[in-house]
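Visitor: I would like to go through this model by asking how each label is earned. Please show me the structure, then take my questions.

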Amino acid sequence: MAAPLHSALLRKLPPVDEVLRIPAIVTLVTLEGRIPVTDAVRSVLARLREAIVTGQLDDAQLELALGGLEGAVGKQLSSSLQYSLRPVINATGVILHTNLGRAPLSAEALDHVRQSAQTYSNLEFDLEHGERGKRDVHVSRLFQRLLNGAQADVFTIVVNNNAAAVLLSLNTLAEHGEVIVSRGELVEIGGSFRIPDVMTKSNGILREVGTTNRTRISDYESAITDKTRAFLRVHRSNFEISGFTERPSIDELVDLSRRRQIPLLEDQGSGAFFDLRTVGVSGENSVLDSLRSGIDVVLYSGDKLLGGPQAGILSGRGDLVERMRSNSLFRALRVDKLTYAALEATLLAYVKMDHESIPALRMMHLSKDDIARRAEALATRVARAGMEVVLIDGDSVIGGGAAPSAVLPTKLLGLSCSGLSADDLAAQLRQSASPVIARVEDGRILIDLRTVFPEQEESLARALVAVGPARPDSP
Ligand SMILES: *Cc1c(COP(=O)(O)O)cnc(C)c1O
């Protein structure tokens, strides 16, 4: 289909074999292997062919491109061999950001993962008796200690994520039976987790009660039939209902559940193992609070407020959790040794009251003054021609299933650049060697250092200095 003019240029493109004989390319082959280098050569030639056919390259430009062929192949090769999953700098101030991997792990958790995974371990082996053991034991004793005193016999099991925990608990307690849920709690959590859908998959029957804004305890009570297997209370997590609202207290639900002998489950989501009031956030129950108030089984994530690895955790009445453990779904939803190792180290930090070693908790504890000091130093570094820098008061968001109003006061760095939109600035920051993810608001970029690790600040400063229309390489 190429026009005659194009065919002359196309004939100048060397065949793949010939490119592979160029000495610099031969060196690449010895370093990285023949297959990825051949693929890179093919991609570069295909790009050139495309540019010729679409009329974007004339003869002189093609000569120039062919002169830089080795460089182009090298660049293509390194981008094709780069990991897709990469660290980023979270400058959004959202501490538990689902799209950015939620909780970063502690140094101790990472060490424990490395040590237990680089060789064999006693994952399911009882060292004392030389027999097969259970993988739960590594964390169940720590959960027992941390939740001690909440109820007579709290037992805990761990599955892949909280969605799996909800599925497993409903399937165990309510297969072919009914579960009573308030209409005000039929939530969708990001990533298409919807309570009604999970209920269907669990083979449980959803019995909705009340209205979106008001549900009373009498609504729960009058919905009870001989098919009722459980009550489910769901944390609203990502939205709030205000105005003319009503919702039964936990105490009322516990009282009803005990009187009618119907288990009460709570999908708590956030899963805090500390008192959020210590960081100035009220109205969020910890796991211990929920168990103490008499909820039978609490379901929560490992990588939200707990600050550990992705996991779904079920803590509560021994007899109920033991039934969930014996469900064959548990085997399908179980977690691997990496998760157990990271979780064990994270729980141990709580046992030692060493909250500062858990990154998410450390970030929550940072004061506005600490952040302001760091922001001022960064502002001085990036203030330069073309970039307008202001320091403004704002909020960091806890995220991760805590209420949207759970925010912490912070100091933000506001950046704008004449001749460049905030969206373009944000896009440039995402393309940095260390990608930076920032908030865009009111026509500027907002940087919140609460979620930036101090050891990332140098890379952040470099990325900020490099963006904008006036590139450092074209002063
Ligand atoms: C986050 C959340 C979930 C989903 O938890 P995953 O660990 O992401 O599966 C379920 N329910 C509530 C209330 C949540 O906040």
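Visitor: Which elements each supply at least two residues of the shell around the ligand?
Guide: In this predicted model, α9 (162-174) and β11 (264-269) each do so. The shell holds 13 residues. Among the closest are Arg102, Ser237 and Ser301.

Visitor: What makes a residue count as part of that shell?
Guide: One of its heavy atoms must lie within 4 Å of the ligand. Asp267 has a polar side-chain atom 2.7 Å from a ligand nitrogen. That is within the cut-off of 4 Å, so Asp267 belongs to the shell.

Visitor: Why is the approach of Lys304 to the ligand called a polar contact?
Guide: A polar side-chain atom of Lys304 lies 2.8 Å from an oxygen atom of the ligand. The limit for a pair of N or O atoms is 3.5 Å, so the pair qualifies. Asn162 uses a polar backbone atom instead, 2.9 Å from a ligand oxygen. The protein covers 94% of the 380 Å² of accessible area that the ligand has on its own.

Visitor: How do the residues of the shell divide by character?
Guide: Three are nonpolar, seven polar and three charged.

Visitor: How many aromatic pairs does a search of the whole structure find?
Guide: Four.

Visitor: Why is the pair of Tyr220 and Phe231 called edge-to-face?
Guide: Their ring centres are 6.0 Å apart, within the 6.5 Å limit for a pair. Their planes stand at 70°, and over 60 degrees counts as edge-to-face, so the label follows. The pair links distant parts of the chain. Tyr220 is in helix α11 (residues 217-223) and Phe231 in strand β10 (residues 228-234), 11 residues apart.

Visitor: How do you know whether Tyr220 and Phe231 are buried or exposed?
Guide: Buried means under 20% relative accessible area. Tyr220 has 1%, so Tyr220 is buried. Phe231 has 0%, so Phe231 is buried too.

Visitor: What makes the pair of Phe273 and Tyr350 tilted?
Guide: The angle decides. The planes of Phe273 and Tyr350 are 55° apart. Stacked needs under 30 degrees and edge-to-face over 60, so 55° leaves tilted. Their centres are 5.9 Å apart, and the limit is 6.5 Å.

Visitor: Where do these two residues sit in the chain?
Guide: Phe273 is in the loop between β11 and α13 (287-292), and Tyr350 is in helix α16 (residues 337-351). They are 77 residues apart. Phe273 has a relative accessible area of 15%, under the 20% cut-off, so Phe273 is buried. Tyr350, at 2%, is buried by the cut-off of 20% as well. Ring pairs link both residues with Phe143 and Tyr300 into a cluster.

Visitor: Why does His235 count as buried?
Guide: Its relative accessible area is 18%, and the cut-off is 20%, so His235 is buried. His235 is found in the loop between β10 and α12 (250-260).

Visitor: What does the side chain of His235 contact?
Guide: The side chain of Glu284, at 3.0 Å. The limit for a polar contact is 3.5 Å, so the distance fits.

Visitor: And the chain as a whole: how many of its residues count as buried?
Guide: Of the 475 residues, 48% do. The protein chain has 20 helices and 18 strands. Its C-alpha trace spans about 85 × 55 × 50 Å along the principal axes.

Note on methods
Residues numbered from 1 in each chain as written. Predicted model: local features only at pLDDT ≥ 70, side-chain atom pairs only at ≥ 80, totals over all residues. Heavy atoms only, no water. Polar contact = N/O pair within 3.5 Å; in protein donor to acceptor, adjacent residues only side chain to side chain. Areas by Shrake-Rupley, 256 points an atom, 1.4 Å probe, with all protein chains shown as cover. Helix = DSSP H or I, 4+ residues; strand = E, 2+ residues; numbered from the N terminus. Nonpolar A, V, L, I, M, F, W, Y, C, P; charged D, E, K, R; others polar. Buried < 20%, exposed > 50% of the residue type's maximum accessible area, 1.4 Å probe, protein only.
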